[in-house]
Amino acid sequence: MKVEEDAQKAVLNRLRRAQGQLAAIITMIEAGRDCKDVVTQLAAVSRALDRAGFKIIASGMRQCMAAADDQDAPMTEEELEKLFLSLA
């Protein structure tokens with residue numbers, strides 16, 4: 001599945017932000033920061049990753065239903081549901 005260009009930019013921005021947040025969390029843990037602060041940042045990273053995943057699924061839903069090329073069979077509704085729910 002190829003992600004649409006606009007969606008790809010948004011996904012990459014979210015993933016880069018999450019990458020920075022994750023690096024900050026590692027630094028926080030190494031510095032012995034308060035558990036509450038670490039968990040708050042972990043929740044923020046988790047939301048950013050979820051949003052990136054949902055954006056990919058939302059932008060590619062039509063592409064998943066139709067074959068990407070002649071070699072790939074289109075995804076079934078059940079496969080799409082499983083993919084979507086894997087992020088829930």
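This note comments, point by point, on the predicted model shown above.

1. Overall architecture. The chain contains 3 helices and 0 strands. Followed along the sequence, these elements give the pattern α-α-α. Of the contacts in the chain between residues at least 6 apart in sequence, 62% join residues at least 24 apart.

2. Confidence. The mean pLDDT of the chain is 82, and 80% of the residues score at least 70. Among the elements, helix H1 (residues 5-30) has the highest mean pLDDT, at 92. Helix H3 (residues 77-85) has the lowest, with a mean of 77. A general caution applies to reading any model of this kind: where pLDDT is low, the predicted coordinates should not be read in detail.

3. Burial and surface. The chain has 88 residues, and buried residues make up 20% of them. The area that the chain exposes is about 6,600 Å². Carbon and sulfur atoms supply 55% of that area.

4. Length of helix H1. How does the span of H1 agree with the value of 1.5 Å a residue? The helix has 26 residues and should therefore span 38 Å, and its end C-alpha atoms are 37 Å apart, which agrees. Just after H1, Gly32 takes a positive phi of about 75°.

5. The buried side of the account for H1. Which residues of H1 are buried? They are Ala7, Val11, Ala18, Gln21, Ile25 and Met28. Two of these, Gln21 and Ile25, are taken up in the next points.

6. Ile25. This residue belongs to helix H1. Ile25 counts as buried because its relative accessibility is 2%, and the cut-off for burial is under 20%. Apart from neighbours within four places in sequence, Ile25 is in contact with Val38, Gln41, Leu42 and Val45. For one of these residues a C-alpha distance may be added: Ile25 and Gln41 lie 16 residues apart in sequence and 6.6 Å apart in space.

7. Gln21. Helix H1 also holds Gln21. Is Gln21 buried or exposed? Gln21 is buried, because its relative accessible area is 19% and the limit is under 20%. When residues up to four places away in sequence are not counted, Gln21 touches Gln41, Ala44, Val45 and Ala48. Gln41 and Val45 appear in this list, and they appear among the contacts of Ile25 as well.

8. Exposed and partly exposed positions of H1. Glu5 is found in helix H1 and counts as exposed, with 55% relative accessibility. The C-alpha atoms of Glu5 and Ser59 are separated by 9.6 Å, although these residues are 54 residues apart along the chain. Leu15, which also has its place in helix H1, is partly exposed, with a relative accessible area of 35%.

9. A nonpolar surface patch. Which residues form a nonpolar patch on the surface? Leu12, Leu15 and Leu49 form it, and together they have about 220 Å² of accessible area. The membership of Leu15 can be followed from its accessibility: the value is 35%, and a patch residue needs over 30%.

10. The salt bridge. The count for this model comes to 1 salt bridge. In general terms, side chains of opposite charge can pair when their charged atoms come close. Here the side chains of Asp37 and Arg33 meet, with a distance of 3.4 Å from N to O. This pair qualifies as a salt bridge because 3.4 Å is within the 4 Å cut-off. Both partners are partly exposed: the relative accessible area is 30% for Asp37 and 45% for Arg33.

11. Leu87, after the last helix. Leu87 lies in the segment after H3. With 24% relative accessibility, Leu87 counts as partly exposed. Which residues does Leu87 contact, leaving aside its neighbours within four places in sequence? The contacts are Asp50, Gly53, Phe54 and Ile57. Leu87 and Gly53 are 34 residues apart along the chain, and their C-alpha atoms are separated by 7.0 Å.

How values were computed. Residues are numbered from 1 along each chain as its sequence is written. Side-chain values use heavy atoms; hydrogens and water are left out. Helices (H or I, at least four residues) and strands (E, at least two) are DSSP runs, numbered from the N terminus. Buried means under 20% relative accessible area, exposed over 50%, partly exposed in between (1.4 Å probe, protein chains only). Contact means heavy atoms within 4.5 Å. Accessible areas come from the Shrake-Rupley method with a 1.4 Å probe; for residues, only the protein chains shown count as cover. pLDDT is the predictor's confidence in each residue, from 0 to 100. Patches are made of residues with over 30% relative accessible area and no salt bridge: like charges are joined within 9 Å, nonpolar side chains (Val, Leu, Ile, Met, Phe, Trp, Tyr) within 5 Å. The expected span of a helix is 1.5 Å times one less than its number of residues.
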